Amino acid sequence: MKAFDLLGQSALLINECQRGLLEAEHSVLPAITEHATARQIVPKIAALAAAFRERGLPVIYINVEHRADFAGVSINNPAVAYIRHKKGLIEGSSQVEVVAELAPQTADHTVRRYSGMTAFYGNQLESLLHNLDCKCLVLAGVSTNAAVPGMLLGGLDRGYQIIIPEDAIAGSGQEAHDAIIKHMLSPLATMTTSASLISALNPPD
């Protein structure tokens with residue numbers, strides 16, 4: 001199977017591109033915000049989303065939102081403990097809003113996660129992808145350190161082909177990003193660029 005054979009049956013998953021992660025004035029994890037800003041992932045994701053919509057392919061936003069009291073959230077790791085300490089990403093707050101440049105359109109889908117660390121946990125994502133007849137997932141957003149590998153493994157376990165445009169994801173810093181790309185993502189996913197994907201979605205006549 002060639003890398004983009006299933007692109008016509010794909011969905012774009014935009015993970016946690018929310019103000020509390022991508023805007024400095026709202027950020028709960030500044031290192032991720034700084035890396036995403038330095039890499040300029042937002043305009044690249046916006047271009048990908050536009051190309052998917054033009055082809056009539058699903059664009060799915062995966063957002064994290066916590067209850068104000070964090071009830072139901074397992075504080076079992078330092079990252080979640082830190083976010084709870086900062087009272088971050090509370091439902092109804094400006095932090096959970098998608099950044100303006102990536103505002104969802106009418107035909108897009110939004111999946112909200114209230115606890116857990118990965119995209120497929122505790123929500124309707126799996127049934128949504130099944131009902132949309134998707135065979136391939138294109139992953140974008142943050143973070144390279146945790147959520148993107150989690151989406152990758154969750155998708156592989158469910159039988160999906162995975163494509164990752166490397167310039168449309170970001171993590172806690174370039175060194176960690178490069179190491180995870182090399183040692184974890186590249187052996188398991190088709191790695192590409194946003195421009196290459198857009199060209200594949202819009203082949204010349």
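This tour moves through a predicted model of one protein chain, from the whole fold to selected residues.

**The whole chain**

Begin with the complete chain in a cartoon representation. Its secondary structure comprises eight helices and seven strands. Orient the view along the principal axes: the C-alpha trace then spans about 55 × 35 × 30 Å. The radius of gyration is 16 Å, which agrees with the value near 17 Å that a compact globule of 205 residues would have.

Next, display the molecular surface. The chain exposes about 9500 Å², and carbon and sulfur atoms supply 52% of that area. Buried residues make up 49% of the 205 residues. For a contact map, consider pairs with a separation of 6 or more: residues 24 or more positions apart account for 76% of these contacts. Colouring by charge brings up 15 positive and 20 negative charges, whose mean positions are 4 Å apart.

**Cysteine 17**

Select cysteine 17, which sits in the loop between strand S1 (10-15) and helix H1 (19-22). Is this residue buried or exposed? Its relative accessible area is 0%, so cysteine 17 is buried. Show its surroundings as sticks. Setting aside residues up to four places away in sequence, cysteine 17 touches Leu22, Ile45, Glu97, Val98, Val99, Leu102 and Gly141. Then add valine 64 to the selection: 47 residues separate it from cysteine 17 in sequence, while the C-alpha atoms are 9.6 Å apart in space.

**Histidine 177**

Move to helix H7 (residues 174-188) and select histidine 177. This residue counts as buried because its relative accessibility is 0%, and the cut-off for burial is under 20%. Which residues contact histidine 177, leaving aside neighbours within four places in sequence? They are His35, Arg39, Thr144, Glu166, Ile169, Ala170 and Gly171.

**Salt bridges**

Now display the charged side chains. Side chains of opposite charge can pair when their charged atoms come close. The count for this model comes to nine salt bridges. Three pairs and one network are visited here.

Select arginine 53 and aspartate 108, whose side chains meet in a salt bridge with an N to O distance of 2.7 Å. Arginine 53 belongs to helix H3 (residues 41-54), and aspartate 108 to the loop between helix H4 (78-85) and strand S3 (109-113), so the pair ties together parts that are 55 residues apart in sequence. The two partners fall into separate accessibility classes: arginine 53 counts as partly exposed at 29% relative accessibility, whereas aspartate 108 is buried, with a relative accessible area of 14%.

Continue to arginine 67 and aspartate 69, a salt bridge in which the closest N and O atoms are 2.7 Å apart. Arginine 67, at 41% relative accessibility, counts as partly exposed. Aspartate 69, at 42%, is likewise partly exposed.

The third pair is arginine 158 and glutamate 126, with the closest N and O atoms 3.1 Å apart. This pair links distant parts of the chain, 32 residues apart: arginine 158 is in the loop between helix H6 (147-157) and strand S5 (161-165), and glutamate 126 is in helix H5 (residues 125-131). Arginine 158 counts as partly exposed at 34% relative accessibility, and glutamate 126 counts as partly exposed at 40%.

Finally, select Arg19, Glu23 and Glu97 together, which are joined into one network by salt bridges that share partners. Glu97 has been met already on this tour, among the residues that cysteine 17 touches.

**Two exposed positions**

The last stops are on helices H2 and H4. Select glutamate 34 in helix H2 (residues 30-39). At 56% relative accessibility, glutamate 34 counts as exposed. A distance drawn from its C-alpha atom to that of leucine 201, 167 residues away along the chain, gives 30 Å.

Then select proline 78 in helix H4. With a relative accessible area of 71%, proline 78 is exposed, since the cut-off for that class is over 50%. How far apart in space are the C-alpha atoms of proline 78 and leucine 13? They are separated by 26 Å, with the two positions 65 residues apart along the chain.

Notes. Residues are numbered from 1 along each chain as its sequence is written. This is a predicted model: local features need pLDDT of at least 70, side-chain atom pairs count only at pLDDT 80 or more; totals for chains, interfaces and linings use all residues. Side-chain values use heavy atoms; hydrogens and water are left out. Helices (H or I, at least four residues) and strands (E, at least two) are DSSP runs, numbered from the N terminus. The radius of gyration is taken over C-alpha atoms; the globule rule is 2.2 Å times the number of residues to the power 0.38. Buried means under 20% relative accessible area, exposed over 50%, partly exposed in between (1.4 Å probe, protein chains only). Contact means heavy atoms within 4.5 Å. Accessible areas come from the Shrake-Rupley method with a 1.4 Å probe; for residues, only the protein chains shown count as cover. Lys and Arg count as positive and Asp and Glu as negative; His and the chain ends are not counted. The place of a charge is taken as NZ of Lys, CZ of Arg, CG of Asp or CD of Glu. A salt bridge is a side-chain nitrogen of Lys or Arg within 4 Å of a carboxyl oxygen of Asp or Glu.
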